[in-house]
Amino acid sequence: MRTAFVVLALAVVTLVAGLPLLIYAILSGNVKPLYWAGVLSTARVLRLAGLRVRAEGLENIPPGTCVFAANHTSNVDPPAIVSAIPRRIAVLAKRSLFAIPIVGRAFRTAQYVPVDRGNPKRAAASVALAAEYMKKGVSFLIFPEGTRSPDGRLLPFRRGSFALAIEAGVPVVPVACSGAHRILAKNSFRMRPGEVVVRFCPAIDSASYSLDERGALAERAHAAVAAALPPDQQPAAAT
């Protein structure tokens with residue numbers, strides 16, 4: 001019932017408020033009303049469905065543009081993290097989301113960038129486009145695991161998306177998101193009430209890394225996220 005409520009409520013919000021604000025954003029070039037209406041309405045719908053979001057470490061978010069690098073366990077991760085970040089951001093998101101009517105156009109208007117991880121050439125082009133947006137002051141949220149964890153435990157980070165921070169010359173903020181997999185597990189349609197904790201770790205200066213060292217930056221961000229997660233979400237011990 002919770003999942004059906006969320007889907008129906010978001011569909012109504014998209015048609016009633018999203019479409020007019022999308023038209024306004026396209027005609028005026030001002031995407032802020034569209035962005036914040038989307039973030040706040042999604043957060044309110046999820047709150048009514050029993051999702052609580054607690055943000056920690058907000059003092060670790062530096063002023064100016066940055067890359068937020070988060071773990072990914074559930075479809076409720078993105079809205080929980082985005083609602084916890086006190087500024088407008090964009091997201092590197094899977095390409096299939098951009099095929100959703102109205103939503104896909106809204107994402108593009110808000111400078112979200114689609115990523116096709118199965119096509120290295122397209123993926124590299126997506127990173128380059130996001131880097132151009134970042135040079136204009138747009139912060140980005142990335143999910144460097146590349147997929148949702150099936151059991152909540154942190155997976156290895158792919159290094160490719162960290163080229164975004166290095167090319168744009170901006171800091172990386174590791175983000176540990178815990179509890180989301182208990183609310184809506186991967187490949188499940190059953191949503192449960194509960195709390196998601198979004199913990200922002202101290203920022204990492206990417207200026208000292210070259211593109212050839214993006215793997216080292218990825219490992220450092222991965223270690224920071226792992227240390228900030230509860231024991232049951234830390235990486236599985238090697239056997």
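Mentor: Before we begin, take one definition with you: a residue counts as buried when its relative accessible area is under 20%, and as exposed when that area is over 50%. Please keep in mind, too, that the model in front of us is predicted.

Trainee: Which residues of α8 are buried?

Mentor: Helix α8 runs over residues 214–228, and its 15 residues reach 21 Å from the first C-alpha to the last, close to the 21 Å expected at 1.5 Å a residue. The buried residues of this helix are covered by elements that include β2, α6, β6 (172–178) and β7 (194–200). Applying the cut-off of under 20% relative accessible area, we find that the buried residues of α8 are Gly215, Leu217, Ala218, Ala221, His222, Val225, Ala226 and Ala228.

Trainee: How far apart are the end C-alpha atoms of helix α5 (residues 120–135)?

Mentor: Start from the expected value: at 1.5 Å a residue, the 16 residues of this helix should span 22 Å. The distance found in the model agrees with that expectation, for the end C-alpha atoms of α5 lie apart by 23 Å.

Trainee: Within what arc do the buried residues of α5 fall, seen down the axis?

Mentor: The residues concerned are Ala123, Ser126, Val127, Ala130, Ala131, Tyr133 and Met134, which are buried in α5. Looking down the axis of α5, one sees that they line one face of the helix, because they fall within an arc of 160 degrees.

Trainee: Which exposed residues does the face of α5 turned away from its buried side carry?

Mentor: The buried residues of α5 are covered by elements that include β2 (67–70), β3 (89–94), β4 (113–115), β5 (139–142) and α6 (163–168). The face turned away from that buried side, in contrast, carries the exposed residues Lys121 and Lys135.

Trainee: With which residues is serine 126 in contact, leaving aside its neighbours within four places in sequence?

Mentor: Serine 126 has its place in helix α5, and it counts as buried because its relative accessible area is 6%. Once the neighbours within four places in sequence are left aside, the contacts of serine 126 are Leu92, Val113, Pro114 and Val115.

Trainee: Which element gives the most to the lining of the second largest pocket?

Mentor: This pocket has a volume of about 230 Å³, and the residues of its lining divide into six nonpolar, four polar and two charged. Among the lining residues are Pro120, Ala123, Ala124, Ser126 and Val127, together with others that include Leu92, Val115 and Arg158. With five residues, the element that gives the most to the lining is α5.

Trainee: How far apart in space are valine 45 and valine 6, C-alpha to C-alpha?

Mentor: Valine 45 lies in helix α2, and at 7% relative accessibility it counts as buried. Apart from its neighbours within four places in sequence, valine 45 is in contact with Phe5, Val6, Ala9 and Leu10. Although valine 45 and valine 6 are 39 residues apart in sequence, their C-alpha atoms are apart in space by 6.3 Å.

Trainee: Is asparagine 187 buried or exposed?

Mentor: Asparagine 187 lies in the loop between α7 (180–183) and β7, where it has a positive phi of about 65 degrees although it is not a glycine. Its relative accessibility is 66%, and because the cut-off is over 50%, asparagine 187 counts as exposed.

Trainee: In which loop is glutamine 111 found?

Mentor: Glutamine 111 is another residue with a positive phi, of about 70 degrees, although it is not a glycine. Its place along the chain is the loop between α4 (103–109) and β4.

Trainee: What is the relative accessible area of phenylalanine 68?

Mentor: Phenylalanine 68 lies in strand β2, and its contacts beyond four places in sequence include Ile61, Ile85, Phe140, Val173 and Phe200. Phenylalanine 68 is buried, with a relative accessible area of 0%.

Key. Residues numbered from 1 in each chain as written. Predicted model: local features only at pLDDT ≥ 70, side-chain atom pairs only at ≥ 80, totals over all residues. Heavy atoms only, no water. Helix = DSSP H or I, 4+ residues; strand = E, 2+ residues; numbered from the N terminus. Expected span 1.5 Å × (residues − 1). Buried < 20%, exposed > 50% of the residue type's maximum accessible area, 1.4 Å probe, protein only. Arc of directions from axis to C-beta. Contact = heavy atoms within 4.5 Å. 1 Å grid on protein atoms, 1.4 Å probe; cavity = no way out; pocket = protein on both sides within 12 Å on 5 of 7 lines; lining within 4 Å. Points joined across faces, edges and corners; volume = space filled by probe spheres on them. Nonpolar A, V, L, I, M, F, W, Y, C, P; charged D, E, K, R; others polar.
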